[in-house]
Amino acid sequence: MDEIRRKTYNLEFDDVIEKNHWLAIHASIEPYQLAFIINQNSQIILSRSNKDIYDEKKQGMFQLFEWSDPINDVVCNLLSNKYISEKKQIKLNNDTLFKLPERNELSLFTELKLVDFLLRSTDEDILKSIKYQLLEEPMISMVYSIPVEKIRNQLNLIFQ
């Protein structure tokens with residue numbers, strides 16, 4: 001009787017999920033100004049990404065700045081959390097004094113509506129140093145760490 005021998009191979013798969021650390025930044029400045037401040041005061045050099053984050057559901061474009069250190073496997077991203085869309089006002093009332101556009105403010109992370117910018121990094125030490133430097137900046141009103149659990153849809157954000 002011929003027995004069929006089957007070989008069974010067991011592959012080990014280490015599912016390594018990068019742990020991201022997040023900073024919330026409150027500032028009434030433009031994203032490029034914040035990137036400039038971070039570049040001047042830290043060891044990272046953020047540059048504007050070729051692709052901004054477009055949220056199809058909300059119809060908003062959120063600016064993205066990025067920096068990576070492939071040798072140490074560190075990635076940092078600065079993204080704006082707010083987008084203001086302006087539409088021409090529909091003529092409902094002809095007696096208006098000014099022709100102002102209709103403004104609508106959108107947030108990328110709806111659970112963090114008051115946050116202006118988010119800084120994400122795979123290295124917690126870099127974020128800590130940036131946090132303390134930003135706290136000393138007069139144009140920055142508040143900087144604090146965000147627990148990973150607070151950002152529910154972070155796995156949906158793919159920056160590369």
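## Elements and overall make-up

A helix here is a DSSP run of H or I covering at least four residues, a strand is a run of E covering at least two, and both are numbered from the N terminus. In those terms asparagine 39 lies in helix H1, a placement taken up again below. The model is predicted, and it contains two helices and ten strands, whose order from the N terminus on is β-α-β-β-β-β-β-β-β-β-α-β.

The protein has 160 residues, of which buried residues make up 38%. Among contacts between residues at least 6 apart in sequence, 67% join residues at least 24 apart.

## The six-stranded sheet

Six of the strands form an open sheet in the order E2-E5-E6-E9-E1-E10, with antiparallel pairing. Its edges are formed by strand E2 (47–48) and by E10, each of which pairs on one side only. Within the sheet, E9 is joined to E6 by five bridges, the two strands running antiparallel, and E9 also pairs with E1 in the antiparallel sense, again over five bridges.

Individual positions show how these neighbours are aligned. On the E6 side, cysteine 76 stands opposite serine 121 in E9. For the pairing with E1, tryptophan 22 stands opposite arginine 120 in E9, while the bridge partner of alanine 24 in E9 is leucine 118.

## Strand E9 and its two faces

How many of the residues of E9 are buried? Five of the five are, so E9 is largely enclosed by the rest of the structure. In a regular strand the side chains alternate between the two faces of the sheet. In E9 both faces are covered, since Phe117, Leu119 and Ser121 on one side and Leu118 and Arg120 on the other are all buried. Arginine 120, the residue opposite tryptophan 22, thus belongs to the buried set of E9 together with Leu118.

## Helix H1 and asparagine 39

Helix H1 lies across E1, E5, E6, E9 and E10, and runs at about 145° to E6. Its buried residues are Pro31, Leu34, Ala35, Ile37, Ile38 and Asn39, and they pack against E1, E5, E6, E9, H2 and E10.

Asparagine 39 counts as buried because its relative accessibility is 19%, and the cut-off for that class is under 20%. Leaving aside residues up to four places away in sequence, asparagine 39 touches Ile44, Ile45 and Leu46.

## Helix H2

Helix H2, spanning residues 124–135, has twelve residues and reaches 17 Å from its first C-alpha to its last, which is close to the 16 Å expected at 1.5 Å a residue. The buried residues of H2 are Ile126, Leu127, Ile130, Lys131 and Leu134. Viewed down the helix axis, these buried residues fall within an arc of 135°, so they line one face of H2. The face turned away from that buried side carries the exposed residues Asp125 and Tyr132.

What covers the buried residues of H2? The cover includes helix H1 (31–41) together with strands E1 (21–27), E5 (64–69), E6 (74–80), E9 (117–121) and E10 (140–146). At the start of H2, a side-chain oxygen of aspartate 123 reaches to within 3.2 Å of the backbone nitrogen of aspartate 125, and this aspartate 125 is one of the exposed residues on the outward face.

## Two positions compared with distant sequence neighbours

Glycine 60 is found in strand E4, residues 60–62, and counts as buried because its relative accessibility is 0%. Although glycine 60 and serine 107 are 47 residues apart in sequence, their C-alpha atoms are 8.4 Å apart in space.

Asparagine 50, by contrast, is found in the loop between E2 and strand E3 (53–55). Is asparagine 50 buried or exposed? Its relative accessibility is 82%, and therefore it counts as exposed. From asparagine 50 to phenylalanine 65 there are 15 residues in sequence and 8.9 Å in space, C-alpha to C-alpha.

Definitions and conventions:
Residues are numbered from 1 along each chain as its sequence is written. This is a predicted model: local features need pLDDT of at least 70, side-chain atom pairs count only at pLDDT 80 or more; totals for chains, interfaces and linings use all residues. Side-chain values use heavy atoms; hydrogens and water are left out. The expected span of a helix is 1.5 Å times one less than its number of residues. Buried means under 20% relative accessible area, exposed over 50%, partly exposed in between (1.4 Å probe, protein chains only). The arc is that of the directions from the helix axis to the C-beta atoms. Contact means heavy atoms within 4.5 Å. A polar contact is a pair of N or O atoms within 3.5 Å; within protein, one must be able to donate a hydrogen and the other to accept it, and residues adjacent in sequence count only if both atoms are side-chain atoms. Two strands pair if DSSP finds at least two bridges between them. Axes are lines fitted to C-alpha atoms, for helices over the stretch in contact, and angles run from 0 to 180 degrees between N-to-C directions.
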